[in-house]
Amino acid sequence: MSRYWYTREGMENRANRFRQTKPQPVITMDYSIGQHDFVNAGKASGDIKLALKKIGVDSAVLRRVAIACYEAEINVTAHAEGGLIHANIFPDLIQIIVTDTGPGIDDIEQCMVPGYSTATDYVREMGFGAGLGLPNIKKNTDALFIESTKGGHTVLEIIIFYE
Amino acid sequence: MSKKTYFHAIKLIPEKCTGCTKCVRVCPTEALRLRNKVVELDASRCIDCGKCVAACSFGAIETYADDLQVIGKFAYKLAIISTSFAGQFGDGISYETAKRGLLHMGFDAVASEAMVTEMMGLMIREYVSNHPHIKPILSSNCPSIVRLIQVRFPSLLPNLLHIEAPMSVLATYFRNKICSEQKLDSSEVGIFLIVPCVSQVTAVHQPEGTYVHLEDGAISIGDVYQYVMANIKEIQADTTPMEVYPKGLSWAISGVEAEEVNDGSIRTMDVSGVHNVIDILHNIENNQLGVYDYIVLNSCANGCVGGVLNVENPFVAISRIRHLMRNATHKDFHDQLFIDLYRQDRFNVIPLEPRPIMALDDNIKNALTKMKQINEILEKLPGLDCCACGCPSCSALAEDIVAGKAELDDCIVRMRRLKETNRGE
C-alpha cells in the first residue's frame, strides 16, 4: 500500500484542524462512476459545481473545485473498474472523497510528474491520458491525500477552502 | 443581493398572457415565473436572449427598440447596420437600395458592421497572442452571452475578449471622425445601431464595460424593413451611391467568425444557440477546452441572423448573404484614424463585474441551510419539471418555496397524488 500527502503552504493548520475535529458536513452528495462510462463522465462534477454556485462560493475557488473534481471523475472513468464520488460540503470548505476499485496506483510520486501516464491505448483513443490528471488535481487543491493498493482500491481525498 | 435596476428590451403584456408557461420553460436563466396566472420577470436574471419572445404564441412578450423619432434631436445622425440586415431583403431589392433607405429615414450617413469585421479579425488575433495564458478567449460580440457569463459563469469573466463588439468599435471610430470633420460637439452627433435582437437594444441602453458614451439608440431591423418596403419606389429611384463591404457580411452567420479569425496558427470554434453555449461554458469551467485559443459564442441559433428583431427566416437570410458575398468584389477598409484609436486602446472594455444570481443567500452558512431545506422539499416533489406550478422545474419551485415566494401546495401533481393516496386508505 502506498500513501501520498500534500498540503498547500500556509494551509497546514486549517487542514489539520479539520482532520482532527471531524465536523459534520451540512450537505452530502453521492455519485457512482461506471467503468469507461465516458458519456456520463462530468455529471458529478457538474452537480457539485452547481451546488457551490448556489451557496455563493467565490468564482475563482469554484473554478479550482470544478477542475479538480472533473479530473478525479475522469481518472476513475478511465482507469478504474468503477467507483464512487462523495462530496461533503461545509460552511468553509469542500471535501471530495473519490474511491475506486481497479488497478491501483503503483507509484503515486511518479504520477504527480506532469506527462507521466499509465493510460491504456483505449483511453488515449478517447482523448484522455495526457498524464496531467493528478498534477492538475494537486495544483487546484489545498489538501490532498491518496491511498492506493496495487490491484485493489484507491482513495483520493481533496480539500478546498473557500477563502 | 444586487439592488441595481436592470433595463430590458422586452415587455410583458399581462392582458395577453394566457399562463401557458412556454416562455418559463425556454428561459436559460430561469428568470420567468407564472404567478397569479400571469408571467413575471426577474430583471436581475434576464440576459435579453429573446427566447421567450420567440416562444410566446399570444404576443404577450413584446420587444422594445427605439422609435425613429429619437434621431431628430441630433445635428448629425449616423446609422450603423448589423450584418444580418443584408439578409432581410428579397431578390428585387439590392443591398445598396436597402441601405439607402436609411438616408430616406433621415440619417446623414450609413455605416455597416461588415466594414470592420476584417480589422476585428486582426485585433482578435493580436489579443489572443498577447494573452497566451488565457485559454480559451471568449468572444464578446453577443451581449446576451456577456450577460450569461456575468450571471451564471462569473469565473470565466477573465476569459472574455476585452475589446468592444464591432458595432461599438465603429461607434467610437465614427464619433471621433465625425466630430473632427464636421466640427461638431459629441453631444450633437447621434449614433444609432440598426439591430437584429433585443440584447443589442439593452446593450445600447445599459452597456457593460464601456469607458465612454458610445451609442444614442437602437432601432430594430424590422422597423427599418417596414419603412424601406413602404417607400420602395422612391428609394429605388434615388441613385446615391452606397458603399458596401460584402466580405464582412458573413459575420452574421455562426461558423464564419471563428474561421476568419483563424490564420492557421491558432485553434478556434464557433458555437451558437444559448443551450449549446451553456454546455460549452460548463466544459470550459472544467478546463476541458484548453486547447482552443478563441471561441465565438452566439446566443441565437445560426448567429445574428436568428435574432428576434429580424424579419426573414434565418436560413433564407444566410443564403442571401452568401449569394451577396459570392457575387461582389471585396473591398478593404484601411484607415489611419482607426488604427490610431486601436493603438491608443480606445476600443478596450473595462473588466466586467459578475452579476451573481445563483447564490441562495449572501452568507454561505445561510445559503447552506437553505440548500438543505431545498433538498428536503425536493424529496416531496414529483421531479417531473412539468411547469404547472409556474416554475420552470421542481428545483426552481423548491428554491422559491424556501425564498418565501411559493408554497408546497403550488404543486398540483403532488396534491393530486396525495388525494389518491388518501382515498386508497
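**View 1. The surface and overall build of chain A.** Chain A of this predicted model has an accessible surface of about 7,600 Å², and carbon and sulfur atoms hold 50% of it. Beneath that surface, 52% of the 163 residues count as buried. The C-alpha trace spans about 40 × 30 × 25 Å along its principal axes. What radius of gyration would a compact globule of 163 residues have? The expected value is near 15 Å, and chain A agrees because its own value is 15 Å.

**View 2. Following chain A from one end to the other.** Here you can trace 6 helices and 6 strands in chain A. Their order along the sequence is β-α-β-α-α-β-β-α-α-α-β-β. Contacts between residues 24 or more positions apart make up 70% of those in chain A with a separation of 6 or more. Charged side chains are also worth a look: chain A carries 16 positive and 20 negative ones, with the centres of the two sets 6 Å apart.

**View 3. A covered helix in chain A.** Helix α6 of chain A runs over residues 133-140 and is mostly covered, with 6 of its 8 residues buried. Which residues of α6(A) are buried? They are A:G133, A:L134, A:P135, A:N136, A:I137 and A:N140. The packing partners of these buried residues in chain A are two helices, α3 (59-79) and α4 (108-111), and two strands, β5 (143-148) and β6 (153-161).

**View 4. Where chain A meets chain B.** At this meeting place, 20 residues of chain A are in contact with 23 residues of chain B. The two chains bury about 2,000 Å² between them, and 61% of that lies on carbon and sulfur atoms. Look for A:K53, A:K54 and A:R63: this trio supplies 33% of the area that chain A buries against chain B, more than any other three residues.

**View 5. Two buried residues in one loop of chain B.** The loop between β5 (76-81) and α3 (95-104) of chain B holds B:S82, and B:F85 is found in the loop between β5 and α3 as well. B:S82 has 1% relative accessibility, so this serine counts as buried. B:F85 is buried too, with a relative accessible area of 0%. Setting aside neighbours within four places in sequence, B:S82 is in contact with B:E113, B:M167, B:I194, B:P196 and B:I221. With residues up to four places away again left out, B:F85 touches several residues, including B:Y95, B:L102, B:I194 and B:I221.

**View 6. Backbone details in three loops of chain B.** Most residues other than glycine have a negative phi, and most peptide bonds are trans. B:K135 and B:P136 are joined by a cis peptide bond, with omega about -10°. B:P136 sits in the loop between α4 (117-130) and β7 (137-138) of chain B. B:K183, in the loop between α6 (166-182) and β8 (189-195) of chain B, has a positive phi near 55°. In the loop between β11 (294-298) and α12 (314-326) of chain B, B:N302 also has a positive phi, of about 75°. How accessible are these two residues? B:K183 is exposed at 72% relative accessible area, whereas B:N302 is partly exposed at 23%.

Terms used:
Residues are numbered from 1 along each chain as its sequence is written. Chains are lettered from A and ligands numbered from 1 in the order in which they are written. This is a predicted model: local features need pLDDT of at least 70, side-chain atom pairs count only at pLDDT 80 or more; totals for chains, interfaces and linings use all residues. Side-chain values use heavy atoms; hydrogens and water are left out. Helices (H or I, at least four residues) and strands (E, at least two) are DSSP runs, numbered from the N terminus. The radius of gyration is taken over C-alpha atoms; the globule rule is 2.2 Å times the number of residues to the power 0.38. Buried means under 20% relative accessible area, exposed over 50%, partly exposed in between (1.4 Å probe, protein chains only). Contact means heavy atoms within 4.5 Å. Accessible areas come from the Shrake-Rupley method with a 1.4 Å probe; for residues, only the protein chains shown count as cover. Lys and Arg count as positive and Asp and Glu as negative; His and the chain ends are not counted. The place of a charge is taken as NZ of Lys, CZ of Arg, CG of Asp or CD of Glu. Buried area is the accessible area (1.4 Å probe) that two parts lose on being put together, summed over both.
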